[in-house]
Each structure stands twice: as C-alpha cells, then as structure tokens.
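Subject: Structure handover

Hello,

Here is the structure I promised to pass on. Please open it next to this email and follow along.

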Amino acid sequence: MAKNFLNHQQQLTRLVKEKNLIVSDRAYAEEMLKQIGYFPLISSYKSPFKNPTTGKYRDGTRFEDLVYLYKFDENLRELFLKYILKVECHLKSLIAYYFTEKYGDRQAAYLNPDHYVTSPGRRSQVLYMVDQLDRLLSEGNDSRYIEERKKSYGNVPLWVLINGLTFGMLSKLYSVLTPDLKVKVSKNFPGVNEKQLEKFLGVMTKLRN
C-alpha cells in the first residue's frame, strides 16, 4: 500500500508519537530534513537505534543522534574518497608507464589480448577489458582529449586513454596485467605485494562506489 505524503512537521510528529524518537528542537529537525531528506537520514541510519522487538527507537534516542551518525558517515566517506583519489591517480600513472615501457605507446598494444595475463581462466576477463578499452577509444566517453589525440596523431597511447577509466575499470585492468607488470606496480606501495594490491583495489572499488 502506498504511503501518504507527509510534510516535514508531520514526519516529525510521526517519529515522536509512533516511533518513540525524541525531537527537542523541531526547527532544527525540520531544517535537517530539508537539507538531507527523510529517507537518507531516518531510513538509512535508524538501525543502530531501533529496538528489534518493537520496531521503535530505543528509549532516550534523540533526533540529533541520527544526524550525528549521518555526519560522521559523511565525513568518513569524504576522507576515504580523498585518499582513494590519490591512489587512483598514482595507479593510472604507474600502469600506463610500465605497460608502455614494455609494449610501446601504440594503441594497438593495449588492444592486443596477448599483452595481458595468459592463463585460460582469465581469458574472458582479458577480452572484456580489451573491449572496454576499445569502446572508450572509439566513443571517447565525452573525453575531448581522447578525440583531439586521435585527430592530431591518429594514435591514443595508454597514458592518455587511461585517464578516462573509472576506478572499477582501473582495478580490472590491473587484475589482468601480466605478473611482471603487477609486481612493478605493487612495489610502489610499500608493504603491499601484487596479490594484496589486487584485493585492496577490489575493496576500494566498492568504497569508491
């Protein structure tokens, strides 16, 4: 059954009367609902404060408690993103450098499936990655620098194209590199070997998203 629309004041009244939430400053609470929204704030951060038996908030739970948890999570996401972006930039530079050093700067190099891991079990992943690189090369992904490079030189080296990859695609690209290239890249991250780096990138992809 569809729920009826409730304005901010009605939402707060329902939280107080039906959900046992303490709202001591209604003006502040209404402003937070305007800024954040009911679902992102109330629905997303209620679990730690709910009584699993009654479905209501535990006694003494305040509206501010949800806001504090939301802001903590927001700050944590921003902190993660800051350093993930640094890793992303570093990784793009390293992969492009070592791959080009080994195979050359022609676009045919990174479009050649034989220039990646050769184990049969990874073949489908290699072909998928090559297809993604080819699509990015062909479509440009709204990246003007790719189109300009194609028009000016007729060739887009990896150190140009790689800037159009998402973090998820970058993680997949690292996973299908030949073992020697993985080692070279991972050595730039002290205390992390090539296998650990691949796992870390998978985790960071989820955090990035």
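How many salt bridges does the count come to? The count comes to 12 salt bridges. Please keep in mind that this is a predicted model. My notes follow, by topic.

**Salt bridges**

Start in helix 4, which spans residues 63–103. The side chains of Glu88 and Lys92 form a salt bridge there, with 3.2 Å from N to O. Both residues belong to helix 4 and sit four residues apart, about one turn of the helix. Are these two residues buried or exposed? Lys92 counts as buried, because its relative accessibility is 9% and the cut-off for buried is under 20%. Glu88 is buried as well, with a relative accessible area of 9%. The pair does not stand alone: Arg208 joins Glu88 and Lys92 in a network of salt bridges.

Next, look at Glu198 and Arg122. Their side chains meet in a salt bridge at 3.6 Å, N to O. Glu198 is in helix 11, while Arg122 is in the loop between helix 5 (107–110) and helix 6 (123–139), so this pair ties together parts that are 76 residues apart in sequence. Glu198 has 26% relative accessibility, so it counts as partly exposed.

Helix 6 has a salt bridge of its own to show. The side chains of Asp131 and Arg135 meet at 3.3 Å, N to O. Both lie in helix 6, four residues apart, which is about one turn of the helix. Arg135 is partly exposed, at a relative accessible area of 46%. Asp131 is partly exposed too, at 31%.

**Helix 2**

Now go to helix 2, residues 26–36. Which of its residues are buried? They are Ala29, Glu30, Met32, Leu33 and Ile36. Viewed down the helix axis, these buried residues fall within an arc of 160°, so they line one face of helix 2. What covers them includes helix 1 (8–17), helix 3 (38–43) and helix 4 (63–103). Turn the helix around, and the face away from the buried side carries the exposed residues Ala27, Lys34 and Gln35.

Both ends deserve a look. Asp25 caps the N-terminal end of helix 2. One of its side-chain oxygens lies 3.3 Å from the backbone nitrogen of Ala27. Just after the helix comes Gly37, with a positive phi of about 105°.

**Nonpolar surface patch**

Last, the surface. Which residues make the nonpolar patch? Phe72, Leu76, Leu79, Phe80, Tyr83, Val203 and Leu207 make it, and the patch has an area of about 670 Å². Helix 4 gives the largest share, five residues. Helix 4 and helix 11 (194–208) each supply at least two residues.

Val203 is a good residue to click on. It is found in helix 11. Why does Val203 count as partly exposed? Its relative accessibility is 48%, and partly exposed runs between the 20% cut-off for buried and the 50% cut-off for exposed.

**Where to look again**

Helix 4 turns up in each topic. Its Lys92 and Glu88 form a salt bridge, it is among the elements that cover the buried residues of helix 2, and it supplies five residues of the nonpolar patch. Helix 11 also comes back: Glu198 lies in it, and so does Val203.

Best wishes

Conventions
Residues numbered from 1 in each chain as written. Predicted model: local features only at pLDDT ≥ 70, side-chain atom pairs only at ≥ 80, totals over all residues. Heavy atoms only, no water. Buried < 20%, exposed > 50% of the residue type's maximum accessible area, 1.4 Å probe, protein only. Arc of directions from axis to C-beta. Contact = heavy atoms within 4.5 Å. Polar contact = N/O pair within 3.5 Å; in protein donor to acceptor, adjacent residues only side chain to side chain. Patch = residues over 30% accessible without salt bridge, like charges linked within 9 Å, V, L, I, M, F, W, Y side chains within 5 Å. Areas by Shrake-Rupley, 256 points an atom, 1.4 Å probe, with all protein chains shown as cover. Salt bridge = Lys/Arg side-chain N within 4 Å of Asp/Glu carboxyl O.
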